[in-house]
Amino acid sequence: MKHSYSSVDKSRLLRDVIRSLLLHRVWFFIGIQDVKRRYRRSFIGPLWILINLGLYVGAIGFVYGIMFGQDLKAFLPYLMLGFVAWGLISASVVDAGMVFVSAEGYIKQFSYPKQIYILRALVSNAMNFVMGLAAVALVQLFLGTFEFAGWLLAIPGLLLLYIALLGHTTIFAYLGTAFRDLPHALAGVLQVVFYLTPIVVPASVLKSHGLEFIYLVNPIYHLIEVVRHPILTASLAPLSTYGFVFGYILIVYCIAWYVASRLDKKVVFLL
């Protein structure tokens with residue numbers, strides 16, 4: 001009897017997921033409204049993303065570029081891409097914990113499947129990511145290192161990145177609703193992971209000191225690299241990197257399905 005109930009429950013969850021994907025106009029509209037609300041009454045709006053990124057990269061890139069003996073023409077785009085991708089990935093972990101909490105009013109008033117609020121979060125975060133990529137392209141054009149072929153080759157990596165982030169957001173949206181301290185704990189953990197990921201410190205520097213194991217087992221590095229490597233070199237990332245990402249996505253989705261199937265019916269009561 002218990003097995004039968006569990007099967008019915010998972011079948012309902014699968015129907016909700018499919019229905020959420022079909023309601024793309026709803027979650028896309030809500031996600032865009034989140035972005036507009038964030039910059040309401042702002043004079044320059046989303047351009048603050050470009051300004052903040054420019055200030056960060058200008059200061060950090062100059063200092064660390066000289067410190068590590070890097071060619072700034074190559075190092076600045078490397079740093080920008082790493083930082084932009086990191087912002088998107090960290091949001092899929094930390095901010096995801098508030099996905100259902102911030103949508104409490106919608107969830108309790110409307111009969112939409114809860115998964116649309118997970119997709120809504122991806123849309124909102126994607127706007128910041130797109131602005132960041134635009135800034136990278138402008139810097140590359142200015143430095144004379146822009147390669148259109150590299151951006152085309154980054155498309156498979158971008159798709160893999162977003163597939164992984166959907167799994168992240170699903171896991172932490174449910175867990176963050178059940179355990180309200182989780183987003184705060186994850187923010188602290190990610191501060192450590194940031195410095196263990198080749199973003200500010202180039203991977204070549206770590207490798208030259210025999211520390212390549214730090215990033216080779218780091219899934220965040222590989223998620224960044226499937227996007228960064230093609231854009232910077234106009235060639236696909238190593239096959240081992242794509243293989244690592246595929247394996248990581250498989251594990252993430254198994255965990256996401258397990259967590260969602262256990263907590264989906266309890267979300268309303270946990271809010």
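What span should the 15 residues of helix 13 have at 1.5 Å a residue, and how far apart are its end C-alpha atoms? I worked on a predicted model throughout. For helix 13, residues 219-233, the expected span is 21 Å and the end C-alpha atoms are 21 Å apart, so the two agree.

**Helix 13**

I then looked for a bend and found one of about 40° at E225. Next I checked the cover of helix 13: 12 of its 15 residues are buried. Among the buried residues are I220, Y221, H222 and L223. The charged residues E225 and R228 are in the buried set too, as is P230.

I looked at both ends of helix 13. At its start, a side-chain oxygen of N218 comes to within 3.0 Å of the backbone nitrogen of I220. After its end comes A234, with a positive phi near 60°. I noted A234 separately, since the phi is positive although the residue is not a glycine. A234 sits in the loop between helix 13 and helix 14. Its relative accessibility is 29%, so I entered A234 as partly exposed.

I picked R228 in helix 13 for a closer look. Its relative accessibility is 1%, so R228 counts as buried. The side chain of R228 has a polar contact of 3.3 Å with the side chain of Y78.

**Helix 7, as a second case**

I repeated the span check on helix 7, residues 115-143. Its 29 residues reach 42 Å from first to last C-alpha, close to the expected 42 Å. Helix 7 is followed by G144, where phi is positive, near 75°.

**Salt bridges**

I searched the whole structure and got 7 salt bridges. I wrote up three of the pairs.

The side chains of D34 and R120 meet at 2.6 Å, N to O. D34 is in helix 2 and R120 in helix 7, so this pair ties together parts 86 residues apart in sequence. Are D34 and R120 buried or exposed? D34 is buried at a relative accessible area of 13%, and R120 is buried at 9%.

The side chains of K108 and E104 form a salt bridge of 2.8 Å, N to O. Both are in helix 6, 4 residues apart, which means a separation of about one helical turn. K108 is partly exposed at 45% relative accessibility, and E104 is partly exposed at 28%.

The side chains of D264 and K114 meet at 3.7 Å, N to O. D264 lies in the loop between helix 14 and helix 15, and K114 in the loop between helix 6 and helix 7, so the pair links parts 150 residues apart in sequence. D264 is buried at 1% relative accessible area, and K114 is buried at 13%. I followed this pair further and found R12, D16, K114 and D264 linked in a network of salt bridges.

**Helix 6, one more distance**

I also looked up G105, which is in helix 6. G105 is partly exposed, with a relative accessible area of 39%. G105 and L271 are 166 residues apart in sequence, and their C-alpha atoms are 9.7 Å apart.

**Nonpolar surface**

Last, I looked for nonpolar surface and found a patch of about 560 Å², made by F148, L152, I155, L159, I163 and Y253. Helix 8 and helix 9 are the elements that give two or more residues to the patch. Helix 9 gives the most, with 3 residues. Y253 belongs to helix 14, residues 239-263, and is partly exposed at 30% relative accessible area.

Terms used
Residues numbered from 1 in each chain as written. Predicted model: local features only at pLDDT ≥ 70, side-chain atom pairs only at ≥ 80, totals over all residues. Heavy atoms only, no water. Patch = residues over 30% accessible without salt bridge, like charges linked within 9 Å, V, L, I, M, F, W, Y side chains within 5 Å. Areas by Shrake-Rupley, 256 points an atom, 1.4 Å probe, with all protein chains shown as cover. Salt bridge = Lys/Arg side-chain N within 4 Å of Asp/Glu carboxyl O. Buried < 20%, exposed > 50% of the residue type's maximum accessible area, 1.4 Å probe, protein only. Expected span 1.5 Å × (residues − 1). Bend = angle between axes of the 7 residues up to and from the residue. Polar contact = N/O pair within 3.5 Å; in protein donor to acceptor, adjacent residues only side chain to side chain.
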